[in-house]
Amino acid sequence: MGNTDSMMVQKRMARFRPEEWSMIDGVFDRLQGGSGASGNAGAVKTLKLEMLQSSMGDLVSDSMLKRIYQCMCSIDLGNTGQPGAASEAGREQLIVFLADTLRGTAEERAPLVMVMSHNAVGVPDVVPCEQVASDLISAVVQILIRRGRLQGWKPEHMGDTSMGVKLLAEQMCSELRPSDQGSCDVSCLEDWIFRVFQVSLYLEILVAEGLNVSLNSWTAPSLLPPCRDTHWKDLKCLLDIPTLMFLAPQLPDSYSAPWRLVFSTHLHGESFTKMVSGLMHHGPTVLLIKDTKGHVFGGFASQAWEMKPQFQGEGRNRFHLICSSTCQHGPFLLIQEQS
């Protein structure tokens, strides 16, 4: 960080630790070198779309990549407070983009999400958001797969990932509070980002992992609970990765032990007696059921199952409904948390 940087860049860089400044400042040069681009040494350097492609192209769709690049180009380095319309992004715009996505507030991220949600050139006053949510979720799933962070889960033996992406995006966007015309402006997006933590979390993961920004103060979050002692060879799980990303944070923090398969009708048959015996004395459980019409629903029991003549559990310890959706794959499945 030097004295020649604009005041905006100096303020953004101050959000990072001094030992992280060289990493943030070096992202621009690394992207330029990684693209194989060459040019005059004295020319003003800019970040081109193909340079971003070399770093993030295997994680996001082409349309999302273009919108991220457009987002960088839209950053105004002046004092107008309005997004710009540059055709290429410079070093300072990239630094502001990194600071706002990795360390920014909901107020600072909202204009970026608005531009990221728009496919055309220019910045609209109102935008839809479900597509950007879908693209963020899809990118995070790809990062989990490519970085080997599945925690023992096997997507090839699980439900339809694309359906899970769609359902999670719908759930996230259901928290939007649009105008009477059914669309969202910047203030609407700011409120959404503030209340729906996944938006900021997934954006941070995409930028940090996609641009390989290794900060000492940032650790990749664990989005999936560990899965243990599950025989995947003959199993088709009702869960998919995006649905699991949604369910895991809903459980109380005290129930964060590894998950393992206890019972599946596909593997163990349809005997109720056998199911109950398999549940006994195994601690808290997550139960998923698929009905004959393809609907999937389930619940969480915070206490171990026992055979008694009366219901057990009081207040918050009873069986809680945790999800409801439509799924095309998988048998009835129960996943259990080990005590």
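A nonpolar core is taken here as a set of buried Ala, Val, Leu, Ile, Met, Phe, Trp, Tyr and Cys residues joined through side-chain atoms within 4.5 Å. In this predicted model, the largest such core takes in 93 residues, and the members that touch the most others are F97, W153, W192 and Y202. Helix α7 is the biggest giver to this core, putting in nine residues.

F97 shows what that looks like up close. Setting aside neighbours within four places in sequence, F97 makes contact with I68, C71, M72 and I75, and also with L112, M116 and V207. There is a second, separate core as well, made of six residues, with V262, F263, L279 and M280 among them.

Now for the aromatic rings. A pair of aromatic rings is described by the distance of the centres and the angle of the planes. The structure holds two aromatic pairs. One of them joins W153 to W232, with 6.0 Å from centre to centre and 65° between the planes, an edge-to-face arrangement. W153 sits in the loop between α7 and α8, while W232 sits in the loop between β1 (227-228) and α11, so this pair ties together parts that lie 79 residues apart in sequence. Both of these tryptophans, W153 and W232, are buried.

W153 also pairs with W259: the ring centres are 6.1 Å apart and the planes stand at 75°, which is over the 60 degrees needed, so this pair is edge-to-face too. Here the loop between α7 and α8, home of W153, is tied to strand β2 (residues 259-264), home of W259, so the parts brought together are 106 residues apart in sequence. W153 and W259 are both buried. Put together, the ring pairs link W153, W232 and W259 into a cluster.

That loop leads on to helix α8. Helix α8 runs over residues 161-173, and at 1.5 Å a residue its 13 residues should span 18 Å; the C-alpha atoms at its ends are 18 Å apart, so the expected and modelled spans agree. Its buried residues are G164, V165, L168, A169, M172 and C173. These cover an arc of only 160° around the axis, which means they fall on the same side of α8. As for what covers them, the list includes α7 (130-146), α9 (186-195), α10 (197-210) and α11 (241-247). Helix α7 thus turns up twice, as part of the cover over the buried residues of α8 and as the element that gives the most to the largest core.

Key. Residues numbered from 1 in each chain as written. Predicted model: local features only at pLDDT ≥ 70, side-chain atom pairs only at ≥ 80, totals over all residues. Heavy atoms only, no water. Helix = DSSP H or I, 4+ residues; strand = E, 2+ residues; numbered from the N terminus. Expected span 1.5 Å × (residues − 1). Buried < 20%, exposed > 50% of the residue type's maximum accessible area, 1.4 Å probe, protein only. Arc of directions from axis to C-beta. Contact = heavy atoms within 4.5 Å. Phe/Tyr/Trp six-rings, centres within 6.5 Å; stacked < 30°, edge-to-face > 60°.
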